[in-house]
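Hi,

Here is the structure I promised to pass on to you. Have a look at it first, and then read on for what turned up.

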Amino acid sequence: MLMGLGMSSGLYDAGFATLGRLYGQSARGAITNLTLFGGFASTICWPISAFLVEHGGWRTACLAYAAIHLAICLPLHLWIIPSPPAAAPAPVKDRSKEASTTGRARARFILLASIQTLAALVASMLSVHLLMLLQLRGASLAAAVGLGALVGPSQVGARVAELLIGRNRHHPIWTMLTSVTLLAAGIWLLLTSQTFVALALILYGAGNGIHTIARGALPLVLFDPQQYAVLMGKLATPSLIVQAAAPSVGALLLGTGGANLVLVTLALAATVNAGLCICLLASMRR
């Protein structure tokens, strides 16, 4: 429970909120850089964890990570991140315009929160049950582990591509639309083909990788940047609830209908998500 509180306060959502406060609407590049480095977390820390456990036991590994947080991460946060500036006085608002703007903003918030929640459902359920799903569809454990390992590099590769060709050259709604489309394509391919499993996981990993960037960058341009931190908390709340429940729901589906039921559910959720993203794009154009 303590680690869960720490993660919800210290992972991407809190990081994006901080970058949004520091850089405003130009925070997209910083968000992309942050997710790029974050993509290497498991690549670096899993071998370190294995080394620490092998040579000192799991308690030594836990104590080492606790020491890193307290001796390195905490001082860096206190030293590098500046305090928030004094709030400027609020400008006088036109009430008639404010009402119509608030209605549009509420509709966009609901669409964006729904998109992020469905994406969290897909990512959480598939990440926990992926190896079992692959084995139930005929892969050996070694093959399932090898195929599952494609997801991480695909996430990083997609983020590098976004870093090189994205930046501020296109609106982040297109990054979001690309991410949900890749997620849907990857899961449908995983469901319908046992020949192109590797390609399916690469597509899924790429979509999941740039979705992290889109969910940090898109609210900056859709809503008031001054409210970005509060908004990120509101957007993250339903996603985190679904993310916590998704593995148990996946286990129930797996026990009821096997791998195909889980994959069909995820494919339908990803397809609905693509439709919601198209609705958000249409709302923005209106």
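How many salt bridges does the count come to? The answer is 2. Please keep in mind that this is a predicted model, with every value computed from its atoms.

Let me start with the pair formed by Asp13 and Arg215, whose closest N and O atoms are 2.6 Å apart. Asp13 belongs to helix α2 (residues 12-23) and Arg215 to helix α10 (residues 197-222), so this salt bridge ties together parts that are 202 residues apart in sequence. Asp13 has 17% relative accessibility and therefore counts as buried, the limit being 20%. Arg215, at 16%, counts as buried too. The surroundings of Arg215 are worth a click as well: leaving aside neighbours within four places in sequence, Arg215 is in contact with Tyr12, Asp13, Phe16, Gln116, Met176 and Met232.

The other pair is Arg28 with Glu162, where the closest N and O atoms are 2.9 Å apart. Since Arg28 sits in helix α3 (residues 28-38) and Glu162 in helix α8, this pair ties together parts that are 134 residues apart in sequence. Both partners are buried here: Arg28 is, and so is Glu162.

Now for a residue that I think you will enjoy, Arg159. It is placed in helix α8 (residues 151-166). Arg159 is buried, yet has no salt bridge. Which side chain of opposite charge is nearest to Arg159? That is Glu162, at 10.0 Å, and a salt bridge needs the nitrogen and the carboxyl oxygen within 4 Å. Glu162 is, as described above, the partner of Arg28. What Arg159 does have is a backbone oxygen close at hand: that of Gly209 lies 2.9 Å from a polar atom of the Arg159 side chain. Not counting residues up to four places away in sequence, Arg159 touches Tyr12, Thr32, Thr35, Leu36, Gly38, Gly39, Asn208, Gly209, Ile210, Thr212 and Ile213. Tyr12 is also among the contacts of Arg215.

Next, please look at helix α11 (residues 228-285). The helix has 58 residues, but its end C-alpha atoms are only 22 Å apart, short of the 86 Å that a straight helix would reach at 1.5 Å a residue. Where is the kink in α11 centred? It is centred on Gly257, and the angle is about 130 degrees.

Two more residues help to place α11 in the fold. Pro238 is in this helix and, with a relative accessibility of 28%, counts as partly exposed. Pro238 and Ser114 are 124 residues apart in sequence, while their C-alpha atoms are 8.4 Å apart in space. The other residue is Leu177, in helix α9 (residues 172-192), which counts as buried at 18% relative accessibility. From Leu177 to Asn273 there are 96 residues in sequence and 9.3 Å in space, C-alpha to C-alpha. Leaving out residues up to four places away in sequence, Leu177 touches Ala274, Cys277, Ile278 and Leu281.

If you open the model, you could begin with the Asp13 and Arg215 pair, go on to Arg159 in helix α8, and finish at the kink centred on Gly257.

Best wishes

Conventions: Residues are numbered from 1 along each chain as its sequence is written. This is a predicted model: local features need pLDDT of at least 70, side-chain atom pairs count only at pLDDT 80 or more; totals for chains, interfaces and linings use all residues. Side-chain values use heavy atoms; hydrogens and water are left out. Helices (H or I, at least four residues) and strands (E, at least two) are DSSP runs, numbered from the N terminus. The expected span of a helix is 1.5 Å times one less than its number of residues. The bend at a residue is the angle between axes fitted to the seven residues ending there and the seven starting there. Buried means under 20% relative accessible area, exposed over 50%, partly exposed in between (1.4 Å probe, protein chains only). Lys and Arg count as positive and Asp and Glu as negative; His and the chain ends are not counted. A polar contact is a pair of N or O atoms within 3.5 Å; within protein, one must be able to donate a hydrogen and the other to accept it, and residues adjacent in sequence count only if both atoms are side-chain atoms. Contact means heavy atoms within 4.5 Å.
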